[in-house]
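Here are some notes for a colleague who is opening this structure for the first time. Please read them with the sequence and the model side by side.

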Amino acid sequence: MTSPTAGSADPTTTIVRYARLAFVALLAWLAWSAFHDGEGVVPLVSDIDLAMHEFGHVLFRPFGIPFLGRTMVILGGSLTQVVFPLIFVGYFVSKREDGSRRDLFAAMACLWWSAINLLDVSIYCADSRAGQLMLLNGLTGQESDGHDWENLLTGWGLLQQDTLIAGRMRAIAVLVCVVSLFVATWCALQEPGAEVAEAAESARSA
C-alpha cells in the first residue's frame, strides 16, 4: 500500500473539515443575532436553556427543601444555565487513556453554548429595575415578585448596579464566545485529518 502524497486529500477528511467550518459559521451567525437581539434569543437553544434554568431552581430545592437557602434556589436557575454546558466542556477536553483529547472542537461548541447562556443571564440581570421582560408566569417583572435578579440584587444591596453587573456579564460572554469560535475554527482546520486517520486506522486493524 502506498502512502498518500502531500497533495492528495482524504475525501472524508475534507468533508469533516468543511462541515465543521460551516458549523462554526452557523454558531457565529447565531451569536451575532443573539447579541444584537434585545432578548438574546437563539432558535431552539433558548427553549432548552429555559428548561435548564427552571431545572436549576428545582435542583437547589429538592422535595421543596431549600437545603442551601433561598438565595441559592433563586440563583440556581441562572447558575445551572451557565454551568451545565461547562460540564460537557470538561468532558470533551479531558484525555483518553492513550493521552489524546476526546474532542476539542466539541468542547468549544459547548463553551459557545455557555457564553450564549451567560448573555441570556446578563439580559435578565439588566432588567432587574426595569422589569420589562415577560416572565414564565406570563407577567412582567414589574407585575410579579418572581424576577430572580431583582430579588437577588435587592438581597445583596446591589439593585442600583444591575446594569453595571449585567454589562460585565455581557463582556465576559462576548469574550468567551469569540474565543470559542476562534479555537473551534482552528480545530476545524487542524484536527479532522488526524481524527479521521486514527479512526480509519482503528477500523483497518479491527
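1. Please keep in mind throughout that this is a predicted model. Among contacts in the chain that join residues at least 6 apart in sequence, 64% link residues at least 24 apart.

2. The secondary structure consists of 6 helices and 0 strands, and reading along the sequence gives the pattern α-α-α-α-α-α. Of the 206 residues in the chain, 36% count as buried, while the accessible surface comes to about 12100 Å², with 66% of that area belonging to carbon and sulfur atoms.

3. The interior is a good place to continue. The largest nonpolar core has 42 residues, and those that touch the most other members are F35, V42, W112, I116, W149 and C177. Two or more residues of this core are given by each of α1 (11–35), α2 (45–59), α3, α4 (104–126), α5 (148–156) and α6 (162–205), and the largest share, 17 residues, comes from α4. As general background, nonpolar side chains in soluble globular proteins tend to be buried together.

4. What is F35 in contact with, once its neighbours within four places in sequence are left aside? The contacts of F35 are I116, L119, R170, A173, V174 and C177, and of these I116 and C177 also appear among the core residues that touch the most other members.

5. Helix α3 (residues 70–93) deserves a closer look, since two of its residues, F84 and S78, can be set side by side. S78 counts as buried because its relative accessible area is 3%, which falls under the 20% cut-off, whereas F84 has a relative accessible area of 32% and is therefore partly exposed, lying between the 20% and 50% limits. Leaving aside neighbours within four places in sequence, S78 is in contact with H53, V121, Y124 and W149.

6. On the surface, F84 belongs to a nonpolar patch that it forms with L79, V83, L86, I87 and F88, and together these residues have about 470 Å² of accessible area.

7. In α5, the residues D148, W149, L152 and L153 are buried. Seen down the axis of α5, the buried residues fall within an arc of 110 degrees, so they line one face of the helix. W149 links several of these points, being one of the core residues that touch the most other members and also a contact of S78. After α5 comes G157, which has a positive phi, near 70 degrees.

How values were computed: Residues numbered from 1 in each chain as written. Predicted model: local features only at pLDDT ≥ 70, side-chain atom pairs only at ≥ 80, totals over all residues. Heavy atoms only, no water. Helix = DSSP H or I, 4+ residues; strand = E, 2+ residues; numbered from the N terminus. Buried < 20%, exposed > 50% of the residue type's maximum accessible area, 1.4 Å probe, protein only. Contact = heavy atoms within 4.5 Å. Areas by Shrake-Rupley, 256 points an atom, 1.4 Å probe, with all protein chains shown as cover. Patch = residues over 30% accessible without salt bridge, like charges linked within 9 Å, V, L, I, M, F, W, Y side chains within 5 Å. Salt bridge = Lys/Arg side-chain N within 4 Å of Asp/Glu carboxyl O. Core = buried A, V, L, I, M, F, W, Y, C linked by side-chain atoms within 4.5 Å. Arc of directions from axis to C-beta.
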